[in-house]
Each structure stands twice: as C-alpha cells, then as structure tokens.
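Please open the model in your viewer and keep the selection panel handy. We will go from whole chains to single residues, one stop at a time.

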Amino acid sequence: MNMKKPLALLLAAGMTLGLAACGGTQGSTESPAAGGETGGSNTGSTVELSLWAFNIGGFTEASNWDSLIAAFNEANPGINVTVTPINYQDGDQKLTTAISSNNAPDIIFEGPERIVGNYARNGLMVDLGDLWTSGGSDIAEGISSVSQLDGTYYMYPLSVAAHCMAINYEAFEAAGALQYLDEENRTWTTDNFVKAMEAVRDAIADGTIAVKVPGIIYCGAQGGDQGTRALVNNLYSDYYVNEDGTSYLANSENNVKALTLLQDMVNNGSMSANASFAAADELQAFANQTAAVTFCWNYSNYTQYAEQTQFTPFAMAFPSDDGVPELEMAGPYGFGIFDNGDEAKIEAAKKFIQFVCDDQTAGVEAVKTTGFFPVHSSWGDVYAGAEDAELRAPFALMSDYLGRYYNLTGGWTEQRALWWPMLAAIMTTGADVQTEADNFVQQANANIG
Amino acid sequence: MAQNTVAAPAQTKPKKQKPSQFSGMSKALVRRETISAYLFLLPSLIFFVSFVVVPMFICVVYSFLEYDLSGVRGFAGLDNYIKLFQDPVFHRGFLNTVLIVVVAVPTVAAFSLWVSSAIYKMHPLPRSFFRCVFYLPVVTGSVAITVVWKWILHPYYGLLNQVAGTGTFDWLGNQHTAIWFIILILFTTSIGQPIVLYVAALGNVDQSLVEAAQVDGATKLQVFWKIKWPQIMPTTLYVLVITTINSFQCFALIQLLTKGGPLNSTMTIMYQVYDTAYRLNDLGYANAIGVVLAIIIAIFSAVQFKLAKTE
Amino acid sequence: MKAKTTDLSGTSTGYKVFAAVVLVLLAIFFLFPLYWIVTGSFKNVIEINANYPIWFPQNPTLENYATLFERPAFKWLFNIIFISAAAMVLTCLTAALAGYALGKKRFYGRAVLFTIIICAMALPKQVIVIPLLQEMTFFHMNDNLWAVILPTVGWPFGVFLMKQFSETIPNEILEAARVDGAGELRTFFSVVFPMIKPGIGALAIFTFVNTWNDYFLQLVMLTRDKNWTLPLAIANLQGEMSTDFGLIMAGAALAAIPIVVVFIAFQKYFTQGIAMGAVKG
C-alpha cells in the first residue's frame, strides 16, 4: 500500500495550507463580523480589555455599562473596555469555551462562587491583593473572607445583598394567609409557612384566587439553586455544609426533615414541583401569577420583573422553625481578572476595577445599577433620599439575616450538578428522602478535597 | 502501517482493487491523474483536514489526558475510558441513545414509506402539498420548532394540558414521558426528507415489471414486496443512514427542552459530551466520551450497510 | 385528492378513505407548530399565559415584535443569512471539485480517502468541539461568523453527494474533451459543471438549510449579541426571559418565515434536488 505515504503527505500539506489559508481569511474578513476582541493589546498605546459581565441587577441591560465605561475611558484614554453580557443559563458554557480555547476574557463580573470557587481554584485568576490593600479597608470581614482562597484575594467586590423569597401579597391577602407572617420583620416560622401555603392551596381550590399553584419547587438545572438550598436549610435551621467545610449536610437529620416536609407539601398540594423548571421559569410563573410565591428573589429580580407584575411582590425571608432565618449572600458581586499573561492588560484591568469599585462617583452609580448595597461601609446609605428608597427597604432589611457563606466549599460546581437530580427525585418521583440525600452527600463529598 | 508499506510491493496480487482501478493506464497517466485529482481535491481537503480530521485527532489525544479548566494536569492513560464504563450517567446515556435510534429510525422509515406510497400516485398538486407539509418542520428550523413545543408542553400555559385535560402535568419534567416527547419531536423533524426520497424512488419503479406481475395475478402486497421493495432498497438504505445520523446528533431538542433531565432520563451520549465539558468542566473525560460515541456511530452505520446489502 | 385509480384496483375503498383521513390529520399535526408560532407571536401576555386554548389571537398585538426589535434582530437575521450563504457557496465550490475527482479520477489513495469521508460524515460536531474551538483561537476567529462557516464547509457530506453525481457522467464525454485538447480545468468547467448542475443546486439548498439549523455550532462559536444568529438569539432569549413565549414566538416566526417562503417558492427544485441526491446514492 505505498499509496498511503503520498496521501499522508498531502494531508499534512493540506493541513498546513489550511492553517495558512484560514489565517489569511481571518485577516481580510474579520472586520464586518467581529470586533478585535483578541486584537493585539500592545499595538500602539491602547490596551484592549474584554469584560464579560453576568446579568446582575440593572446590568442585565448591557447598555447600562456604557456611561460607566465612557467615564472610565475619559479618565484613562489608553484603555478601551468592551463588554460582553452573559447570563446564568449559558454563561458557564461560554466561559468554559473561552477558557479551554485560551481565549478567556480579561475581566469577569460575577460573585465568589465562580470567580473564587471555580476559576481561582483552577489557578486562572490574578492575585488582587494590592487592590485590597489600597481600597479594601472598609469592607466587612464576611465579604473579604469570601473574596479569597488560601489567603490570596482573587476578587474585588462592588455590592452585596441577600437572597430571599417573595409572596404575591394580594393572593395571600385574599387567601387569608397574611396572618401567618410577620410583615414587619418579613419572617415566618415553618409551621406558619405550612399553614399559609395550605390556605393558599384551599383558596385556589375554591376559586377565591386566580393563581394556579401555591409555589413551585424548581428542579431543572442551572442557576437559582440558592433559593432551593436556603429553603431546605432554613426550615429546620440547619446548614448546607458543615462548619469546617469537609462535608455536605443534605442528609443531616434536620435537612432530611425539611426535605420530607417539602415532599409532603408537594403530595398534599400545598406546593408543586417541576423537574422541567429552572429558576427563571419559576420566577416567570410568579410574575404571571401562576405561583403565589417565588424562592428566587432579590432586588435585581424585583426590578427585572417589576414591569410585568400586576400585583405586589412582597419580599420575605425564608421560613425557619425558630423564626430566625439565615439567608444566603447574593454576591458579593465584583470583579476578577483572568491571568492571560499580559502584564499591561492586568494593570489596565486593575485600574478599571478600581475605577468602578473605589471611585465614589462611578462606584455609587455602579452599585445603584446592580440595585444592591455597597461593600464599602464608609459610603453609607447610597440610596438615601432616592425615589425608590421605600422599595429597597425590605431588601436592606434582608441583609440583617445574612448567614454563613459556604459557596467556596470544594467540589461546589460538581455538587450543583447533583443537587437538582436529588430534588427532582424527591419532589417529583416520591423517592425516599434519606436514600437520595445520602446518595447526594456521598457523591458530593467525593469531590470536596 | 509501516509494515504494510514495506510488504505492499511484494504482494500486489491479492489487491483485487488495484488492477480494476488502474487497469489499462500507463504509469505516467496514473501519476498525472493522481496529481490532478489531488489538485481538484485540495480546496475541499483544506477545510476537511483543518476542521474535521485534525480536531478529531486532537480529540483522541485529549481523551488520554487529565484535562480540566486549569489546563492539562497530566497523562491519564486509560483512566477516562475506565471511568466511562463505571459511570451510571454514561450507561443511562447509552441506553437512551439506543432507545432513540431503535425507536425513531424504523418508525421514520416505515412511516415515511407509508405516506409516500399513499401520495406518490396523486395528482401533482396534492402530492406536492403533502410533501411540502411534511417537510415544513425541517425548514422551520430546529430551534423554532423546539421552542414552540416547549410552549405546547408547558405545564401551566401549554396547549397539550389544556386540550387533553391533564391538569398541570409536567410532560418534560416527568422521567417517563420526557424522552417520548423528544422522540416525537425528532420524528416530526425527520420524516420530511425520507418522504421526498421515497416519493421519487417509488415514481422510478419500473412500471413494466409491476404490470407484468399484475397480469400474473399478484396481489398488491406481493407486488410491493417482490418488485417495488427491492427497487427502492438503495433509498431505504440512505434513509436509514441519514435518520440514524440525525437521531444521534439531535442537540437543540435536548439542550432547549430538558438539558438531559429529569434525572438523566433524556441524557444521550452526545449530550453528555457537551454537559461533561461545559457544565462539569472535565474536558479529558468529555473527549473520551466523544471518541466512544464516534466509534459507536461508525459501528451502527457499518451494521446498517451490512444489513441492507444482505437483504 | 383523487388518485388515478388504474392500478390501485387492488386497494379497497375503505383503505383509501382511511389513508386520506390519516393524511389530512397528519398534515394538520405537521402544520400546527408553524401555525402556533405565527399566531403566538401576535398574542399579548394575557393570551400567552391563558389557561384555556386561544386558537386565534383575540387582540392581535405587535408588542412582541416591538420588543424583539429593541434588540438587534435584523443583525441576527443578517448574520444567519450571511453564514448560511457563505457556507453554501464555499461548500458547493469545494465539493463540486472534490466530488468530481473522487467520482471520475483514478488515483492513489482514493479508496482510503473515500472511506475516511464516509466515516466522518456521521461524526457529530459535539465530539470535536473542544479542539475546534482551540483552532479558532489559533486563527483569531473567536466569536466570529467565520468560525461557524469554516467547520461547516469542512463537513464532507457535500463531497460525498457530488461524487455520487459525478459518477453518472459518461466517461466517453470526458474522453472526448481530452481528445479535443481541453485542459483539466476547462474540462471541469465546460463539460463536468453543466452536467452536475442539478446536483450542485441540491447541495446548495441542503447546505443552506442545514447551516441555518445548526444551532450547536452557533451556540459554541458566537458569544456577543451582535454576532448572534436568529436561531441562537431565540434560544438565548428563552434562557434569559424564560417563558415570555410571545417574544420567543416572534423570534421564531422571524427565523422561520423567510426560509419557509423560500422553500415554498423553490419547492420543486428543493424536492427534486433532495431526491436526486439520494437516488444516485
């Protein structure tokens, strides 16, 4: 078979030519299709930075970056920042794509869960210690501790809030369920939560209210897991991970009790569960008055759905047996820098982060856009006197209930992929709670080290 | 390979193909033909090699590496492949893939053959109407079709529950029903092309043979099996192959409807490649699954070719 | 639908009625998704989320389209047309040349090459996506429309199809051209090309539709919203907005209608082309 040799040669030649030809194609045709994201950073005096921003609060509207960047460019003429908005549905895929093809963005706007827990753990992020030294003195310990991994800072935060839930106030009122909640503190006990949901269920059954189900436990993957986590953990005041971060706790006595309670509620119709639903579906169902509560609420979602809602979404803490909720921190949202090996870019990126997070004019603007609260305690109440101060008050209140932050536990990404099937099995197929929870913990702990 | 190259000149005799391909050609002519052939092939080969062959080769290499977001961590040997055989998700994905192929492919082939034989003798107008209608889901586009089905199947706003009176049943959230809807939608987007093919093939069946058989008193069924079926065999083979490829590759459906869930009940090998790479960031393992998928597809296609030929 | 009944004589009337009824029901079933897309795109929020069937929009609204066009929807439409058209032209060109060589030339490596091509045809792109993305970075084509076009052109189905067509060209004609002293290229363009033109037409249609529908490549290759394609945008809107089905249906309609119109207009060539490709196979 001496024909194989020339063939191999030709294949090789074709390949080389292919590379050359395509390199050429790119040069001549790129301009209409794509900007120079990867364009040389050091040519001339302009440093090109790409910022990938998750859709956090007002930044869901990508144009809200424009004024911020314009202000930055004015102050730093040598740096040009391009924003690429990404969302929680496929943001992970986009980032993995970019990272695995050596094309990671320079800056990412997200929370510690990804920046520290995933990317820094994989050695992809730049040490931001100098930013903390110069501007981080008035940032609370709880926030600074989650911005670091093994003593090194990888994230610099902008704003913070708490994840909570919300109820359809009018529906609860009509169902006579308001009696079960502490409207002033926005808390409720587990017993009262059960009673309230049953009241809503009965009101639906006799046609008093138009919603279709009391609440929906969404079990479809990707995003919003904080809601279902906090719901389960608070019902009987337990935690998601043990204190020293060495084991997940879904199979603890209290968490199993909580999961069993929810399963019972699903069975008796005071709760619903959908394995095809992601958090976004559940939120939309809440906004459409299909469900009377949502487990995925914060100021950001409030603003995003405000236009659509024909009712009063009333923010509530998660129900807890002792009436003292422990909420999961939303964020702190901030920035990380991917180590692309280009010093000039890293320096420029740090300048940008400092500008957005530490410059009080730009920073307050940015914080307000996220709709959350500044991490700099010295900035005080940035919303004081604002028109919507009243609307924000409940969300500020939630910050008082902030609990332990466990999202940096090892194997976090993997356990998220396991959490949903566990919920789906328990809530939609009636599987045995203890078995499923044990199974979850066993698999999740396998990646913890 | 090296062995082959050395041995080849010594034993040209068993190569049956060689004399037939180059018979009656001078050495110079063969050389000239070879050069010009490769020049004709060159533009296509550049793309094919750059964007299919080279990535496939790299993919095989990656499958032997320990490779995640932080880069290549080391040589994994056969670990990724061993993991595969112990991975319950892969087992589930394998079974689902087989289920989809085994259900969808014969159904599509049989159904499109039935529709085609019902319409191929019609007046051209209704014939092209029906051909068009069945082809419509293909041109409408997989994403558009998928999102409208997502709406139809939605537990609270979906048409299916409203019409069937099934309350708020979560068709895509139920591990027993989800995969059947995936197969149904796959079916609707798959039969367009086979129908076009069969209508053409049936129209080309040699009428004189059919008439001769009828004169001999053959029944309709006999005419079909004895005369038409053998003649449309190449079309059937082609239909089987393209439908199999389609079934193996259905991505938009799963990505947009179920993401492999609930409880992996719609996980396919192909989707697991994507999920492992992009959600779990285990790139080495993802490539190993990909390599195994490629092998499975090759075997499937080979078996189909064999079956079709022996029949 | 009156069939010419000459040789349907063996078939009972009962069966014919049954077949006709089933066909019509199926036709409705197959037409329905498109109908639901188009009518859904004109429904307002209340009708979209109603809990009883609304077969036709009661208060037709353009709201969904207005929302859609707040985003760069025309750019998305342009992008998908550009990608599909570019892939179509490049595929037809390269595949016609290569298919002719494989079908009509006898050369070293032919059998091996053909086998590789057959094998690669069934290979899902998902398998090779990670190396493919790295290649795109190497070529500085990340988040670029060409990153979708080039791998599509690399898919060897077109070569296979054109080989099948080229094989039907009688050798005598090629021989005659050679005797007349025509060079290789002239033979190709003046003799071969006209003969495989229908095949190229089929391939063109095929590639255009398949590229349009190749959601996966668009998903992994394109990031920024100005580079999205319409199908990708619909999928992404669904991710962002969840069940705002009115908006999603507006996007789906915008993506589907142009290609459906083209399909109906060129229906004859479409079906002929597809049929020809296979009959030869």
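What follows is a walk through a predicted model, with something to select at each stop.

**Stop 1: chain C**

Select chain C and show it as a cartoon. How many helices and strands are there in chain C? The count is 14 helices and zero strands, so expect α after α from the N terminus on. Now turn the chain about its principal axes: the C-alpha trace spans about 75 × 65 × 30 Å. Its radius of gyration is 24 Å, where a compact globule of 281 residues would have one near 19 Å. Colour chain C by burial and 52% of its 281 residues come up as buried. If you draw a contact map and keep pairs with a separation of 6 or more, residues 24 or more positions apart account for 76% of the contacts in chain C.

**Stop 2: chain B**

Move on to chain B. Here you will find 16 helices and two strands. Chain B is more spread out than a compact globule, because its radius of gyration of 25 Å is well over the 19 Å that the globule rule gives for 311 residues. A box of roughly 75 × 75 × 35 Å along the principal axes holds the C-alpha atoms of chain B. Buried residues make up 52% of the 311 residues in this chain. On its contact map, residues 24 or more positions apart account for 70% of the contacts in chain B with a separation of 6 or more.

**Stop 3: where chains B and C meet**

Show chains B and C together and select the residues in contact between them. Chain B puts in 85 residues and chain C 81 residues. Which element gives the largest share of the side of chain B that touches chain C? That is α3(B), with 18 residues. Colour this side of chain B by class, and you get 58 nonpolar, 23 polar and four charged residues.

**Stop 4: the largest nonpolar core**

Next, bring all the chains back into view. The largest nonpolar core has 340 residues. Val200(A), Phe352(A), Ile234(C) and Ala252(C) are those with the most contacts inside this core. Helix α3 of chain B, residues 27-62, gives the most to the core, with 16 residues. As background, nonpolar side chains tend to be buried together in soluble globular proteins.

Now centre on Phe352(A). Leaving aside residues up to four places away in sequence, Phe352(A) touches Leu49(A), Phe72(A), Ile79(A), Val81(A) and Ile107(A). Keep Ile107(A) selected for the next stop.

**Stop 5: strand β3 of chain A**

Extend the selection to residues 107-110 of chain A, which form strand β3. Ile107(A) and Phe109(A) point one way from this strand, Ile108(A) and Glu110(A) point the other way, and all are buried. Then add β1(A), residues 47-54, which runs parallel to β3(A) and is joined to it by three bridges. Look across from Ile107(A) and you will see Leu51(A) standing opposite. Strand β12 of chain A, residues 329-337, pairs with β3(A) in the antiparallel sense over four bridges. In that pairing, Phe109(A) has Phe335(A) of β12(A) as its bridge partner.

**Stop 6: an open sheet in chain A**

Select β10, β7 and β11 of chain A, which form an open, antiparallel sheet in that order. β10 (293-297) and β11 (313-316) stand at the edges with a single partner strand each, so one side of each is left without a neighbour in the sheet. From one strand to the next, the twist averages 35°. Zoom in on β7(A), residues 164-168: this strand pairs with β10(A) over three bridges in the antiparallel sense. Cys164(A) stands opposite Trp297(A) there.

**Stop 7: two positive phi values**

Most residues other than glycine have a negative phi. Two residues are worth selecting with that in mind. Asp150(A) has a positive phi near 50° and lies in the loop between β4 (148-149) and β5 (152-153) of chain A. Asn264(B) has a positive phi of about 65° and sits in the loop between α14 (252-257) and α15 (269-278) of chain B.

Is each of them buried or exposed? Asp150(A) counts as exposed, because it has 7 C-beta neighbours inside 10 Å. Asn264(B) is buried, with 23 other C-beta atoms within 10 Å.

Note on methods. Residues are numbered from 1 along each chain as its sequence is written. Chains are lettered from A and ligands numbered from 1 in the order in which they are written. This is a predicted model: local features need pLDDT of at least 70, side-chain atom pairs count only at pLDDT 80 or more; totals for chains, interfaces and linings use all residues. A nonpolar core is a set of buried Ala, Val, Leu, Ile, Met, Phe, Trp, Tyr and Cys residues joined through C-beta atoms within 7 Å. A residue is buried if 20 or more other C-beta atoms lie within 10 Å of its own, exposed if 12 or fewer, and partly exposed in between; C-beta atoms are placed from the backbone. Two residues are in contact if their C-beta atoms, placed from the backbone, lie within 7 Å. Ala, Val, Leu, Ile, Met, Phe, Trp, Tyr, Cys and Pro count as nonpolar, Asp, Glu, Lys and Arg as charged, and the others, Gly among them, as polar. The radius of gyration is taken over C-alpha atoms; the globule rule is 2.2 Å times the number of residues to the power 0.38. Two strands pair if DSSP finds at least two bridges between them. Axes are lines fitted to C-alpha atoms, for helices over the stretch in contact, and angles run from 0 to 180 degrees between N-to-C directions.
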